[in-house]
Amino acid sequence: MNWVYIEDISNFKDQEVEIRGWVYNKRSSGKIRFLLVRDGTGILQGTIFSPKKDSPLFKQFDDLTQESSIIIRGRVREEKRAPGGHEINIEEINIVQIAQEYPITPKEHGIPFLMEHRHLWLRSQKQHAVLQIRTELVKAIRNFFDGRGFRLMDTPILTPSACEGTTTLFETKYFDQKAYLSQSGQLYNEATIGAFGKVYCFGPTFRAEKSKTRKHLIEFWMVEPEVAFATLDDTIELGEDLIIYIIERILEKNKNELKILERDTKLLERIKKPFPRITYDEAQKKLKEKGSKMEWGDDFGSPEETLMSNIYDIPVCVTHFPAKIKAFYMQPDSKRPDLVLGVDVLASEGYGELIGGGQRIHDLDLLEKKIKEHNLPRKAYEWYLDLRKYGSVPHSGFGLGIERTLSWICKIKHIRETIPFPRLLYRIYP
Ligand code: 4AD
Ligand code: MG
């Protein structure tokens, strides 16, 4: 028998096939029984006809509960009215397991309940759609960088030092030493560019952030390109191109999922290059006019990010931040040394920061000074300083948060739904 996946069903018109999946729903209508089966790639309607009420197939049908696992066999028919345009005439049901009473029903459940059942909630149509788009997003990102000749470098997760400031470090034991979970692969990629020119890493990153907002995860995924000889402008352009590529791919490949999520795709379709650019100075003034209490020198808080990204209808690039609110490695502006050549790309529709990046310090003396100013233990950064001794070049890069980007593209209210098993301030189960 021909085991096929529902997404491929249109290739099997009028053929006998086998579908392996779970009961999504069922209903009866006179002498017909309808069984909705999902197999992870789609949902297919199965029909059972029988002139007699006591047919064994009907009996099996009656026993099936929501989420029972089954293997069904039958002939595929074109059926315009069925979801997906095809149906299967069920001739045989092989019950793998009758599911116990399923906790997630079509009625409304509260978020705490759903989070507690995340392992099952994933099967729901909306959650499925978001994560389906996530796999396409990851594929698009890899294609983008691979297509431009970037080399994939896997950077370590267990590290001896901080990248993004010591307040959000996750500490762990490394035998007799201390280690930290990686906040970013950037510092390592500043080394790999010396060997490969242009690189990217793509992996999980960790922030012991005490923020309980709809934008923060404790464990999140980030893609980080780094390019030798590239300037701030070069890295902004790379970021724009990446975002546009991602949007185009998802609009093309995930029409169905975006429909399930009721996403207004027109707002995504109008995103074109170049994105508006604004300096921190200008942004701070604009925010004040809009009623924010943010003073010059303050970092953007979550409300300011939302305010900013509501001003524009496409993503906006904020540049030239005060040095004191940014990481130690950022290259100062030659004309205004109190500013750094950093960029944050803020999403439209209030979704906040998608990208953080900029140009890195390439001068040995300056970097030594910054490490001291930030009270970082020099010994742990000796290798990083080496990079400024042996053929140092200006270089730039950025990090794009996968879950932030996915929240925005799907227009999901809370970031917790954009990763299969979110790690949140008060949640590590399941
Ligand atoms: O701005 P961040 O902290 O930048 C860096 O880590 C740089 N080292 C990246 C680089 O230049 N290679 O983080 C980059 C992006 C943010 O713009 C945001 O999209 C995401 O990572 N991000 C988070 N996403 C979810 N939860 C959190 N707690 C996040 N913190 C940052
Ligand atoms: Mg940032």
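This report walks through a predicted model, from its domains to one helix, a ligand site and a single serine.

## Two domains

The domain assignment splits the protein in two. Domain 1 covers residues 2–97, and domain 2 covers residues 118–418. Their centres, taken over C-alpha atoms, are 45 Å apart.

## Helix H1 and its two faces

Helix H1 spans residues 56–63. Its buried residues are Leu-57, Phe-58 and Phe-61. Where do these residues sit around the helix? Look down the axis of H1: the buried residues fall within an arc of 100 degrees, so they line one face of the helix.

The face turned away from that buried side carries exposed residues, Pro-56 and Asp-62. Strands help to cover the buried residues of H1. Among the covering elements are S1 (16–29), S2 (32–38), S3 (43–49) and S5 (86–97).

## The surroundings of ligand 1

Ligand 1 has 24 residues around it. Which of them come nearest? They are Glu-164, Gln-186, Arg-207, Glu-224 and Glu-353.

Backbone atoms also approach the ligand. A polar backbone atom of Ile-355 is 3.4 Å from an oxygen atom of ligand 1. For Phe-398, a backbone N or O atom lies 3.4 Å from a nitrogen atom of the ligand. For Gly-401, a backbone N or O atom lies 3.2 Å from an oxygen atom of the ligand.

How much of ligand 1 does the protein cover? On its own, the ligand has 630 Å² of accessible area, and the protein covers 94% of it. Three elements give two or more residues each to the shell: strand S11 (219–228), S15 and strand S16 (395–401). S15 supplies the largest share, with 6 residues.

## Ser-348, just before S15

Ser-348 sits in a loop between two strands. Strand S14 (339–347) lies on one side of the loop, and strand S15 (352–360) lies on the other. Is Ser-348 buried or exposed? Its relative accessibility is 1%, and buried means under 20%, so Ser-348 counts as buried.

Which residues does Ser-348 touch? Leaving out residues up to four places away in sequence, the list is Ser-309, Tyr-312, Asp-313, Ile-314, Pro-315 and Trp-408. With Trp-408 there is also a polar contact between the two side chains, at 3.1 Å.

## Looking back

S15 links two parts of this report. This strand follows the loop that holds Ser-348, and S15 also gives 6 residues to the shell around ligand 1.

Terms used: Residues are numbered from 1 along each chain as its sequence is written. Chains are lettered from A and ligands numbered from 1 in the order in which they are written. This is a predicted model: local features need pLDDT of at least 70, side-chain atom pairs count only at pLDDT 80 or more; totals for chains, interfaces and linings use all residues. Side-chain values use heavy atoms; hydrogens and water are left out. Helices (H or I, at least four residues) and strands (E, at least two) are DSSP runs, numbered from the N terminus. Buried means under 20% relative accessible area, exposed over 50%, partly exposed in between (1.4 Å probe, protein chains only). A polar contact is a pair of N or O atoms within 3.5 Å; within protein, one must be able to donate a hydrogen and the other to accept it, and residues adjacent in sequence count only if both atoms are side-chain atoms. Contact means heavy atoms within 4.5 Å. Domain bounds come from an automatic or database domain assignment. The arc is that of the directions from the helix axis to the C-beta atoms. A residue is near a molecule or strand if one of its heavy atoms lies within 4 Å of it. Accessible areas come from the Shrake-Rupley method with a 1.4 Å probe; for residues, only the protein chains shown count as cover.
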